[in-house]
Amino acid sequence: MREEELVDRARTMVRGGGGRLTRPREHILRTLARLGGHPTAGQIHAALGEEDAPHLSTTYRTLESLCAAGVLSHVHVDHGEPTFHFSAAVSGRPHVHAACSGCGSVVDLPTEVVAPVADYLRDNGYEPHLGHTALSVTCSECARD
């Protein structure tokens, strides 16, 4: 999906939920769409640029509020900072994650890949939240080292 389309869908979702599209929210949505992938709050803040960057604490609060509104999702990656991306409700792409424990790179996995795991957990009385944390893996680059 194009950057502008992601931002438009996110704006619609914020407003549809009764939220305001504040200047920090707008800048963060645009920056996240431009960056793509799964950046951390610090990476998003740094990419905002001096002119558009709110205080770092405002960036964190804004990311939290956009997650609470269902516009963004965050993923816990091993022992590192959470990373952020547009939610499936915005992107239209439900997925789960795998993250390299060496370099921290994150790869999206289609939900079908982990469907048997989710089914097993449900069959045993658990409700999985597989998109919230990343499977710990080692990428081919880190495996060579």
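Here is a walk through the core of this predicted model and then its two largest pockets. Local features need pLDDT of at least 70 and side-chain atom pairs count only at pLDDT 80 or more, while totals for chains, interfaces and linings use all residues. Residues are numbered from 1 along each chain as its sequence is written, and side-chain values use heavy atoms, leaving out hydrogens and water.

Let's start inside. The largest nonpolar core (buried Ala, Val, Leu, Ile, Met, Phe, Trp, Tyr and Cys joined through side-chain atoms within 4.5 Å, buried being under 20% relative accessible area with a 1.4 Å probe, protein chains only) has 19 residues, and L29, L63, L66, V71, L72 and F86 touch the most other members. At least two residues each come from α1 (3-16), α2 (23-35), α3 (41-47), α5 (56-68) and β2 (83-86); helices (H or I, at least four residues) and strands (E, at least two) are DSSP runs, numbered from the N terminus. Take L66: beyond its neighbours within four places in sequence, L66 has contacts (heavy atoms within 4.5 Å) with V14, R25, I28, L29, V71 and L72.

Now for the pockets. A pocket here is an open set of points on a 1 Å grid over the protein atoms alone, where a 1.4 Å probe fits, with protein on both sides within 12 Å along at least five of seven lines; lining residues have an atom within 4 Å of a point. Of the 15 residues lining the largest pocket, L6, G37, F86, S91 and R93 lie nearest its centre. Here α1, α2 and β2 give two or more residues each.

In the second largest pocket, α7 provides the largest share of the lining, four residues.

Definitions and conventions. Buried means under 20% relative accessible area, exposed over 50%, partly exposed in between (1.4 Å probe, protein chains only).
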